[in-house]
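Biologist: Please take a close look at the ligand site in this model. Then set it beside the rest of the protein.

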Amino acid sequence: MKIESLDLPDEVIRFYLDSGIKELYPPQAQTIEKGLLEGNNMLAAIPTASGKTLLAELAMLKAIANGGKALYIVPLRALATEKFERFKSFSSIAIKNGGLKVGISTGDFESRDEWLGSNDIIVATSEKTDSLLRNETSWMQEITTIVVDEVHLLDSVNRGPTLEVTLTKLMKLNPECQIIALSATVGNAYEVADWLKAKLVLSEWRPTDLHEGVYYGGNINFRSSQKRIDAPTQDDAINILLDTLEDGGQCLVFESSRKNCVAFAKRAGNKVSELLDKPTRKSLNEIVEQIVESGETEATNVLAQCVRNGTAFHHAGLNSAHRRLVEDGFRDNKIKMICSTPTLAAGLNLPARRVIIKSYRRYDPNYGMQPIPVLDYKQMAGRAGRPHLDPYGESVLIAKSYDEMAGLFDNYIDADAEDIWSKLGTENALRTHILSTIVNGFATTRDGLMEFIEATFFAHQNDTWGIVEVVDECLEFLRDNKMLEGEKTLLPTALGRLVSTLYIDPLSGAYIVDGLKKADNITDLTLLHLICKTPDMRQLYMRSNDYEIINDFVMSHSDEFAEIPPRSREIDYEWFLGEVKTALLILDWINEKSLEQITKKFNVGEGDVHAFSDIAVWLMHSTSRLAGLISPELSNDAVSKAVVLEKRIHYGASPELIELVSIRGIGRVRARKLYDNGLKTVADIRNSNLDTVSTLIGQKTAAKLFSEVGIHLKLSSDDSGKVSSKAMSS
Ligand code: ADP
């Protein structure tokens with residue numbers, strides 16, 4: 001099917017022709033035949049890189065040309081940014097007076113982001129969409145096209161329930177809206193399509209062929225052929241990698257843990273470096289320089305050493321700058337191999353000639369090492385083969401015995417992906433959504449609530465009689481904790497409304513309110529422990545050598561907790577210690593311990609510290625708002641303490657630095673240098689001069705700093721190249 005034959009404005013067709021897309025891929029043609037451009041709901045369950053995004057684009061552009069507005073929902077912030085960058089290129093398509101506008105919403109939860117409403121396409125994560133609905137953002141009702149990327153995540157315990165309830169609300173709010181759901185191939189795609197009242201396009205077609213095999217006995221064994229792999233080393237995975245590189249390809253390797261990723265990237269680097277030519281080495285050294293500049297810990301040196309050798313590791317412990325440098329270096333074919341954890345397989349849009357699944361087992365805290373689901377295997381294997389660049393892609397599992405190889409063929413290569421199942425049916429999943437459903441008026445009685453639940457994917461898959469009891473337990477919890485009142489008509493209280501708009505679990509809200517009321521002597525630790533106790537906080541696990549240290553800490557600070565710590569023999573005690581350990585990480589962060597010290601002490605990566613502090617900022621903000629609401633009942637000054645702490649966690653700084661770190665471009669390290677050298681406030685900087693500030697933070701940053709504080713300098717260099725400045729304006 002030719003792009004030109006589509007019922008789309010000429011400008012849209014020209015845009016795609018100009019970008020080299022002339023003919024639709026077969027699954028794309030099928031969705032058109034099934035009415036994508038006539039406004040039908042669609043579920044496209046097709047492999048990665050088979051053109052799902054393009055389908056969504058065509059439908060969105062058609063809707064916008066007809067005066068509509070599109071919402072594009074993604075599971076991860078990184079994906080939101082990727083899509084936003086892509087859709088920004090539509091601004092050149094003249095289908096709308098004033099130009100087509102694209103916005104992105106991933107930020108604060110307690111905000112309506114009304115300003116986003118002037119955009120034609122809005123990209124948001126599912127959590128942010130849920131929060132915008134809770135805050136009754138007005139433009140939500142103007143949406144005519146909803147795209148849901150990675151809809152198979154309905155199956156995820158963590159993300160699924162929010163996605164499911166958000167979609168249910170959107171369908172109730174805008175019944176006429178067109179829904180385009182994009183999914184990996186899953187067993188019961190027809191069931192999801194049925195729920196969404198969508199036409200289903202199910203296809204295994206890929207733009208690049210995928211050969212799936214198992215390495216065993218010196219060969220990669222495919223269904224009907226074999227490929228011999230030379231064995232210059234003792235390590236099978238390294239041999240397969242070297243074979244790929246000698247053939248001009250690149251490799252993605254999936255490992256089960258971060259530690260294994262780093263170890264493999266290091267080991268492989270020693271061999272890969274022997275194959276690098278001079279220009280590649282030069283480019284790699286440039287990447288290394290940027291890596292060193294943008295990291296503060298020992299892990300930076302390890303990554304730099306790997307990249308110098310042409311390899312890299314990639315996991316959630318990396319800071320975002322490093323992640324981007326690794327991804328770009330691989331896309332530019334400078335970095336030859338990335339070893340990544342399986343958690344990133346879904347988000348990583350980085351195809352490679354060959355994918356090596358070094359470990360098909362993953363650690364489960366309850367059951368130990370377990371085989372991964374077929375769906376996860378397919379997602380990893382599907383990364384093999386770069387469209388238009390590689391003649392085909394290859395994915396390789398590794399077996400130690402003939403029987404294991406046979407099992408891998410049966411259980412992965414020839415197996416169909418599992419069915420997906422709603423995860424909404426538990427009290428933990430439902431509690432927050434029941435509250436928001438009532439707060440936003442989607443239901444006002446228990447019967448109304450059950451009617452709402454009847455419209456969810458859970459009810460589509462299950463009888464709802466089983467869930468009635470769970471719903472009643474949630475209602476009882478919300479009433480007991482004064483978030484709801486009324487028997488026949490369910491009315492949210494001011495507390496219930498606030499908890500819903502803050503976007504925290506009602507259980508978190510209950511813990512915080514309860515703790516604030518109990519605590520009389522509030523310290524930073526009191527509030528930090530309180531937020532670390534909530535189910536919304538990510539927890540650090542206790543390791544055996546932590547016990548003594550954390551236990552001693554608890555003993556010597558026992559009067560600072562809002563509750564009396566459980567006795568050491570009680571089962572809750574280990575949880576309690578984990579909460580305290582997490583609080584201590586945040587405490588070190590706000591007391592300006594270096595990232596090197598924190599990552600070493602808590603055995604985490606820079607990326608983890610930022611992830612912990614992001615959640616803690618949001619929970620501390622919630623604490624200050626909740627404390628404000630119940631302040632007449634409090635005998636302490638929790639509000640002002642929480643307000644200061646929120647800022648300190650955001651910047652990772654002591655109170656005295658807040659004025660300086662609030663200036664754009666000045667992080668906590670630079671702020672500390674300025675402060676310790678007598679430049680303590682914005683006024684001090686304004687009264688200083690470029691030379692003084694430059695010696696502390698470098699000339700470029702110093703010049704930016706002056707412009708941030710309202711002094712614009714005219715820089716000039718004399719014959720010797722020495723730069724001097726003159727204030728232009730203030
Ligand atoms: P998916 O969303 O399924 O992962 P994308 O829509 O991102 O896949 O498409 C992957 C790549 O293929 C993109 O670079 C896209 O521009 C390109 N592409 C999509 N459809 C076509 C087509 N019909 N012809 C040529 N290239 C296409």
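Modeller: Start with the polar contacts. A backbone N or O atom of Glu23 sits 2.8 Å from a nitrogen atom of the ligand. Gln28 uses its side chain instead: one of the N or O atoms there lies 3.0 Å from a ligand nitrogen. Leu54 takes part through its backbone, where an N or O atom is 3.4 Å from an oxygen atom of the ligand. On its own, the ligand would expose 560 Å², and the protein buries 73% of that. Keep in mind that this is a predicted model.

Now the shell as a whole. It holds 14 residues around the ligand. Those that come nearest are Glu23, Gln28, Ala49, Lys52 and Thr53. Glu23 and Gln28 thus appear again, after their polar contacts with ligand nitrogen. By type, the shell splits into six nonpolar residues, six polar and two charged. Helix α3 spans residues 52-65 and gives the most to this shell, with three residues.

Next, the wider layout. The domain assignment lists five entries: domain 1 (3-202), domain 2 (209-413), domain 3 (427-502), domain 4 (506-652) and domain 5 (662-729). By these bounds, Glu23, Gln28 and Leu54 belong to domain 1. The centres of domain 2 and domain 3, taken over C-alpha atoms, are 45 Å apart.

A pocket is also worth a look here. The second largest pocket encloses about 460 Å³ of space. Its lining counts 21 residues, and Pro47, Thr185, Glu204, Glu212 and Lys378 are the closest to its centre. Two elements each give two or more residues to this lining: β8 (209-216) and α13 (374-381). Helix α13 gives the most, with three residues. Domain 1 (3-202) and domain 2 (209-413) each supply at least three residues of the lining. By type, the lining of this pocket comprises 10 nonpolar residues, five polar and six charged.

To return to the ligand: its listed contacts run through the backbone of Glu23, the side chain of Gln28 and the backbone of Leu54.

Note on methods. Residues are numbered from 1 along each chain as its sequence is written. This is a predicted model: local features need pLDDT of at least 70, side-chain atom pairs count only at pLDDT 80 or more; totals for chains, interfaces and linings use all residues. Side-chain values use heavy atoms; hydrogens and water are left out. On a 1 Å grid over the protein atoms alone, a cavity is a set of points where a 1.4 Å probe fits but cannot get out, and a pocket is an open set with protein on both sides within 12 Å along at least five of seven lines; lining residues have an atom within 4 Å of a point. Grid points are joined across faces, edges and corners, and a volume is the space filled by probe spheres set on the points. Helices (H or I, at least four residues) and strands (E, at least two) are DSSP runs, numbered from the N terminus. Ala, Val, Leu, Ile, Met, Phe, Trp, Tyr, Cys and Pro count as nonpolar, Asp, Glu, Lys and Arg as charged, and the others, Gly among them, as polar. Domain bounds come from an automatic or database domain assignment. A residue is near a molecule or strand if one of its heavy atoms lies within 4 Å of it. A polar contact is a pair of N or O atoms within 3.5 Å; within protein, one must be able to donate a hydrogen and the other to accept it, and residues adjacent in sequence count only if both atoms are side-chain atoms. Accessible areas come from the Shrake-Rupley method with a 1.4 Å probe; for residues, only the protein chains shown count as cover.
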